Amino acid sequence: MSFVRSRPIALLAALSFSIAACGGDDEPSGPSNTGDLSAEEVADALSALSAIGFIGGGLFGGEVELPAGLALQSGSQSISETTPCPNGGNQKLAGTVSYNTTGQSAGSVSVDLRQTHNNCKAASESGRIWTFNGAPNLRIKFNSNVSGTGSSFGGTITGGFRYSSDGSSGSCAADITINLNMAGAGTVSGTMCGVAVNETI
């Protein structure tokens, strides 16, 4: 069962698209958001985060391995690794992955990870370079269930990060809830950098 490794980076793409499409609510708000990013710039920052493994890609790729055989019915794996970022700096990923297999193609996975950036630099799809630091970190929690009748994926992204890019700097708070099925259909809702997100994907 490799549900963790199979989560597509399309999750982040959907979130970026949702934010860019919001338009009107451009100014970050709330005590944990500072700076002057537009909705389009928030989406661009998320594009840069995807290059360093935010939600999928390297984040749930790297060392997060579920057991190849099904003889082990349950277990937990601790994660603690520091990896370089594409354009300098590094990020630390720490937390746990717990799993419980209940059959040949059934079971559940629970993930609780914290991603902390340290002068972590990456380019977005537009080519803009972003630098990220922890404030204090991004926390990614999700639970998935796979059974003979289908599968489900539910998770949250909370916490925050500091950013700087092209003369802009500030902090960004995350409060996102994601609910999907294996086909990728579902909802993404909450706020990212003060921009409201409420989309069906």
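How many bridges join strand 4 to strand 5? Select residues 120-123 for strand 4 and you'll find four bridges to strand 5, with the two running antiparallel. Strands pair if DSSP finds at least two bridges between them; helices (H or I, at least four residues) and strands (E, at least two) are DSSP runs, numbered from the N terminus.

Before moving on: this is a predicted model, where local features need pLDDT of at least 70, side-chain atom pairs count only at pLDDT 80 or more, and totals for chains, interfaces and linings use all residues. Residues are numbered from 1 along each chain as its sequence is written, and side-chain values use heavy atoms, leaving out hydrogens and water.

Now click Ala 122: its bridge partner in strand 5 is Trp 130. Five residues separate strand 4 from strand 5 in this hairpin, and Gly 127 in the turn has a positive phi of about 95°.

Next, select residues 129-147, strand 5, along with residues 106-118, strand 3: nine bridges join this antiparallel pair. Look for Ser 108 opposite Asn 145. Then add strand 6 (residues 150-165), which pairs with strand 5 in the antiparallel sense over 14 bridges. Here Phe 132 stands opposite Tyr 163.

Keep Phe 132 selected and add Phe 161 and Met 192: these have the most contacts inside the largest nonpolar core, which has 37 residues. Such a core is a set of buried Ala, Val, Leu, Ile, Met, Phe, Trp, Tyr and Cys residues joined through side-chain atoms within 4.5 Å. Buried means under 20% relative accessible area (1.4 Å probe, protein chains only).

Last stop: helix 3, residues 39-51, which gives the most to this core, with six residues. In helix 3, 10 of its 13 residues are buried.

Key:
Buried means under 20% relative accessible area, exposed over 50%, partly exposed in between (1.4 Å probe, protein chains only).
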